[in-house]
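Biologist: Hey, got a minute to walk me through this model? I'd like the plain version, please.

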Amino acid sequence: MFFGKKKKYGAGLADSLKNEQAKSDIILSSIDDGVVLVDAQGIIQLFNPAAEKITGWLAKDAIGLDHQSVLKFISDKSEPYTPIQNPLNQTLNNKIAARDNDGCLKTHSGKTISVAVSVSPLGEEIGGAVAVLRDVSEERREEKQSAEFISTASHEMRTPVAAIEGYLALALNDKVATIDARAKDYLVKAHLSTVHLGNLFQDLLTAAKSEDGRLSNHPVIIEMGDFLQQIANDIRITAEKKGMKLDFLIGGSANSVSADNGNQKVIRPLYYVNADPERLREIVTNLFDNAVKYSEKGKITLGLTGNESVVQFRISDTGQGIPPEDVPHLFQKFYRVDNSATRIIGGTGLGLFICRKIVELYNGRIWVESKLGQCSTFYINLPRLSNSAVASLAVQQAATINPVSTNRGPAGSVLQ
């Protein structure tokens, strides 16, 4: 009796496992996303029908091959991914999830399609990873058309708006026109609204360019200490007009040193990055403007620190903070925190999106930490140039400007 029950239980377990396998096969065969399972060595072990449709490879041909032979990822500029850029390699090597929403895939027939890739590790004991592929060619085509429309419309509208702004400025000029106080008040409001409209079109144009790779970028070697000091000097008056203080600190929070005291001699490290100064200034001023707008009192802190590989600068305020549920969406296009302050102040919802796109242009990272009702701090990490990299880039950049003199370093510094 005992053995009979055991046999019956074993048969039930086997049937159950078969049923579970059948369910898994049905699910994998039915979904539209391609699913590719690779082992710890990167060899393909599973290839569902959707993966066949997306890649052009048959499962019987793909299974048993190295994933890099089948899944040939390329950039939107048709440049093949390096092994380090490959999201599957990232997961296999680092045992962490990887995602790529901007790449393309070269199919078995040589056709290029836009794909979104999400890769998850299978765990230390099992090893390997599972990749989910989605064909997003149509979505990207629609996004491109939308961006082109916004770019064209914004560019065309800036001309008449600039003309209107110019005529209003002339009407407000006492040497050009004579108007009574009431009419002048109306014109002042109209002029401010026109300026705001012009800024909106500029933001739309910049956002569109940042998405399709047309954003102007002329990187040079920048020493971030001197660069941020100059920006702090330029924007300090804006904070003071609102009764707020601006501090510029160098170093970590525990050992920060004020860089605003001209009489204080401070020996500090030199933090070099390779970026377009206009683009970086756009990030700092955008974050600073937000800090001023959403803070009623207190101070704003512009900080700089770093380590051997990263330069980090931050902008902190003593404002109202950001609700936790809004933080994950803050850098999305057109996203704005919905509260009384944002409704009164207004805005495009593009500033932080543009900041993120600029930071990503230099392989950096931007994020925010906030305490609701107390403060917010925006952090930006950029790759730090080593001394040897600074010297090499300085020679290259100087050679393109002045082939005769190639022994000078970046402005404000001397290369040793």
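Modeller: Sure, one definition to begin with: buried means under 20% relative accessible area, exposed means over 50%, and partly exposed is in between, with a 1.4 Å probe and protein chains only. On that scale, 37% of the chain's 416 residues count as buried. This is a predicted model, so local features need pLDDT of at least 70 and side-chain atom pairs count only at pLDDT 80 or more, while totals for chains, interfaces and linings use all residues. Residues are numbered from 1 along each chain as its sequence is written, and side-chain values use heavy atoms, with hydrogens and water left out.

Biologist: Okay. How many helices and strands does the chain have?

Modeller: There are 12 helices and 15 strands. Those are DSSP runs numbered from the N terminus, with helices being H or I of at least four residues and strands being E of at least two.

Biologist: And what share of the contacts joins residues at least 24 apart?

Modeller: Among contacts between residues at least 6 apart in sequence, 57% do. Contact here means heavy atoms within 4.5 Å.

Biologist: Let's talk about the inside. Which residues of the largest nonpolar core touch the most other members?

Modeller: M224, L228, L280, I283 and F313, out of 50 residues in that core. A nonpolar core is a set of buried Ala, Val, Leu, Ile, Met, Phe, Trp, Tyr and Cys residues joined through side-chain atoms within 4.5 Å. Take L280: leaving out neighbours within four places in sequence, its contacts are I222, M224, F227, V273, A275, Y362 and L382. There's also a second, separate core of 23 residues, with V38, W57, V117 and A131 among them.

Biologist: Is there a general reason to look for cores like that?

Modeller: In soluble globular proteins, nonpolar side chains tend to be buried together.

Biologist: Which residues of α11 are buried?

Modeller: G351, L352, F353, I354, C355, I358 and V359. Their cover includes α7, α9 (277-293), β14 and β15.

Biologist: What follows α11?

Modeller: N363, with a positive phi near 60°. N363 sits in the loop between α11 (351-361) and β14 (365-371), and it counts as exposed at 67% relative accessibility.

Biologist: Why point out the sign of phi?

Modeller: Most residues other than glycine have a negative phi. F334 is another residue with a positive value, near 70°. F334 is in the loop between β13 and α10 and is partly exposed, at 44% relative accessibility.

Biologist: Switching to rings. How many aromatic pairs are there?

Modeller: The count is 3. Rings of Phe, Tyr and Trp (its six-membered ring) pair if their centres lie within 6.5 Å; planes under 30 degrees apart are stacked, over 60 edge-to-face, and the rest tilted. F73 and Y81 have ring centres 6.1 Å apart and planes at 35°, so that pair is tilted. Both F73 and Y81 are buried. For F331 and F378, the centres are 6.2 Å apart and the planes are at 85°, so they make an edge-to-face pair.

Biologist: Where do F331 and F378 lie?

Modeller: F331 is in the loop between β13 (310-317) and α10 (340-345), and F378 is in strand β15 (residues 375-383), so the pair ties together parts 47 residues apart in sequence. F331 is buried at 11% relative accessibility, and F378 is buried at 8%.

Biologist: What lies over the face of W367?

Modeller: R365 does, at 4.0 Å from the ring centre. The rule is NZ of Lys or CZ of Arg within 6 Å of the ring centre and within 35 degrees of the ring normal.

Biologist: Last topic, pockets. What volume does the largest pocket have?

Modeller: About 2200 Å³. On a 1 Å grid over the protein atoms alone, a pocket is an open set of points where a 1.4 Å probe fits, with protein on both sides within 12 Å along at least five of seven lines; lining residues have an atom within 4 Å of a point. Grid points are joined across faces, edges and corners, and the volume is the space filled by probe spheres set on them.

Biologist: Which lining residues are closest to the centre of the largest pocket?

Modeller: D76, D102, G103, E211 and K357, out of 48 that line it. The largest share of the lining, 7 residues, comes from α6.
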